[in-house]
Amino acid sequence: MQIKELKSEGLSHELEITIPANDLDKRVEDRLVEYGKGVNIPGFRKGKVPMPVLRQRYGKAMLGEVLEKAVNETSSKVLSDKKIKPAMQPKIEVVTFDEGKDLVYKMAVESLPEVKVMDLKTIKLEKPVAKVAAEKVEETLAEIASNNSTSKKIETKRASKDGDIVLMDFAGRRKRDDFTVDGMSSLGFELKLGSGQFIPGFEDQLIGKKAGEKVEVLVTFPEDYGMKDLAGEEAIFDVTIHELKETVACEVDDAFAKTVGFDDLAALRKVIEENMNGEYDRMSRLKVKKALLDVLDGAHTIELPSTMVEAEHNSIISRIEQERAQEHNHAPGEKCDHDHSVDDAEKAELRDIAERRVRLGLVLAEIGNANEVTVAEQELHQAVIQEAQKYQGQEAQVFEYYKNNPQMIEMLRAPLFEEKVVDFILEQATVKEVTVDVEALLKEDFDDEMPVKKEKKPAAKKSTAKKPAAKKDGDKKPAAKKAPAKKAAAKK
């Protein structure tokens, strides 16, 4: 094998490798000998087929296999001999080859840069923490009680008001042509007035009405409505009110706690507090990690492999465009009026993020490898279990999927490795806990990780429900205000 260095500039390397024809011929002959041991050809005993016959019958077929193996083996050896640690898969280009002649190919590759890690003991960080306030627990209790409240029929003949529940039938049509879209009608539907469940204007027109009344509701669908047949259109809904109900609040006591799966109110309070503490701890960890990554990013100047940056850049762009498509209920391959693409200004901004991520990845990898940070098989197994738990009722299929796709398990290894390296660094650094208020702690302020603004719509205008008049509330409540409805869920 002959090696010719064509280029070596910074991290970029280009080499020309020549594999002599006699070497290839020997490889082909060895492969034919191996193959010939098991082949059956009429007129010859098994394993006794002459080489000329094997060459004539199988030589060309074996040549492609031999070439691929030869390129893989020689390229790996060249990288090892040259002490080049490839950042990404090398690019191979065959220059010349013909049967009976030398194989000449070029290999272009970027090497990983040398990373000189800062003294981790000099890092000083503040970790924001907050305590669970008793009033927050009570607020959550009240919210759970509200979510589990019952309703009763209003026996008087009074008109409906905000907060009442209307039992109704409705049928809608587009105003300009009486066109009806699937989902524009329903029978026996219960709507709480003022809940914002339906598009703006619908619920308001049912206030002041009585049971037995028929109401014609005129609304205009938002321009960004999920169903394009209704987006921006006026629609008429014929509504028949059958009954009015009012909410009956739950008493927050031991009996109520038992209805949601707990022994008593004290047990429910305890789980709420534990859940809040868990969420506070999670946010504290996220914020101190973000502060740590900022320090590491600012303290290391590294020549970055362009191939790694490009791959990360493309990955970020692809994810953003997929998210934008999902926001408009756009199925893959379906035409959509909205432009999901990332423009040039955004791409430039995203390249900075890609460079940051690659730089931090190299620094964390160097720290982890130098300090023998590893991910145990048991930790990987636990990660698979956690993935399976996200798909209730399909756990067996998830386990089977990971069993048959070991490369997917390796994708779980990277985030586990990163978290363990972060833990290691935090042990070396000086970390001071600083008490902050809950609102400041729970505020997600990681926008500099992904600064490109996605299209935001007012919550009242979002809609992905099958009933076109209804909207789906996309605003997530802080996990600190959630409590499991059943004890079993709280113990997970």
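How do the residues of the lining of the second largest pocket divide into nonpolar, polar and charged? In this predicted model, the residues of that lining comprise 13 that are nonpolar, 2 that are polar and 9 that are charged. The volume of the second largest pocket is about 870 Å³, and among the 24 residues that line this pocket, Arg357, Gly361, Leu364, Ala414 and Glu418 are the closest to its centre. Two or more residues of the lining are given by each of the elements α5, α6, α7 and α10, and the element that gives the most is α7, with 8 residues.

The chain that holds this pocket has 492 residues, of which 35% are buried, and its secondary structure comes to 12 helices and 11 strands. When contacts with a separation of 6 or more are considered, 72% of them join residues that are 24 or more positions apart. The accessible surface of the chain comes to about 29500 Å², and carbon and sulfur atoms account for 49% of that surface.

In soluble globular proteins, nonpolar side chains tend to be buried together. In the present model, the largest nonpolar core has 42 residues, and those with the most contacts inside this core are Ile123, Leu292, Leu296 and Ile425. Two or more residues of the core come from each of α5 (265-299), α6 (306-327), α7 (344-370), α8 (377-389), α9 (395-404) and α10 (406-428), with α7 giving the most, namely 9 residues. Helix α7 thus gives the most both to this core and to the lining of the second largest pocket. Once its neighbours within four places in sequence are set aside, isoleucine 425 is in contact with Leu120, Ile123, Leu292, Leu296, Leu364 and Ile367. Another core, which lies apart from the largest one, has 25 residues, including Val28, Val49, Val66 and Val71.

Individual residues show how the surroundings vary along the chain. Glutamate 110, which belongs to strand β4 (residues 103-110), has a relative accessible area of 10% and, because this value falls under the 20% limit, counts as buried. Leaving aside neighbours within four places in sequence, the residues in contact with glutamate 110 are Leu11, Ser12, Lys85, Pro86, Ala87, Met88, Pro305, Ser306 and Thr307. One of these contacts, leucine 11, is 99 residues away from glutamate 110 along the chain, yet the C-alpha atoms of the two residues are separated by 5.2 Å.

Alanine 370 lies in helix α7 and has a relative accessible area of 57%, so that this alanine is classed as exposed, the limit being over 50%. Between the C-alpha atoms of alanine 370 and valine 117 the distance in space is 10.0 Å, while the two residues are 253 residues apart in sequence.

Two loop residues have a positive phi although neither of them is a glycine. For lysine 83, found in the loop between α2 (51-81) and β3 (91-96), phi is near 55 degrees, and a relative accessibility of 77% places this lysine among the exposed residues. For aspartate 178, found in the loop between β7 (165-174) and β8 (185-192), phi is about 60 degrees, and the relative accessible area of 48% makes this aspartate partly exposed, because the value falls between the limits of 20% and 50%.

Notes
Residues numbered from 1 in each chain as written. Predicted model: local features only at pLDDT ≥ 70, side-chain atom pairs only at ≥ 80, totals over all residues. Heavy atoms only, no water. Core = buried A, V, L, I, M, F, W, Y, C linked by side-chain atoms within 4.5 Å. Buried < 20%, exposed > 50% of the residue type's maximum accessible area, 1.4 Å probe, protein only. Helix = DSSP H or I, 4+ residues; strand = E, 2+ residues; numbered from the N terminus. Contact = heavy atoms within 4.5 Å. 1 Å grid on protein atoms, 1.4 Å probe; cavity = no way out; pocket = protein on both sides within 12 Å on 5 of 7 lines; lining within 4 Å. Points joined across faces, edges and corners; volume = space filled by probe spheres on them. Nonpolar A, V, L, I, M, F, W, Y, C, P; charged D, E, K, R; others polar. Areas by Shrake-Rupley, 256 points an atom, 1.4 Å probe, with all protein chains shown as cover.
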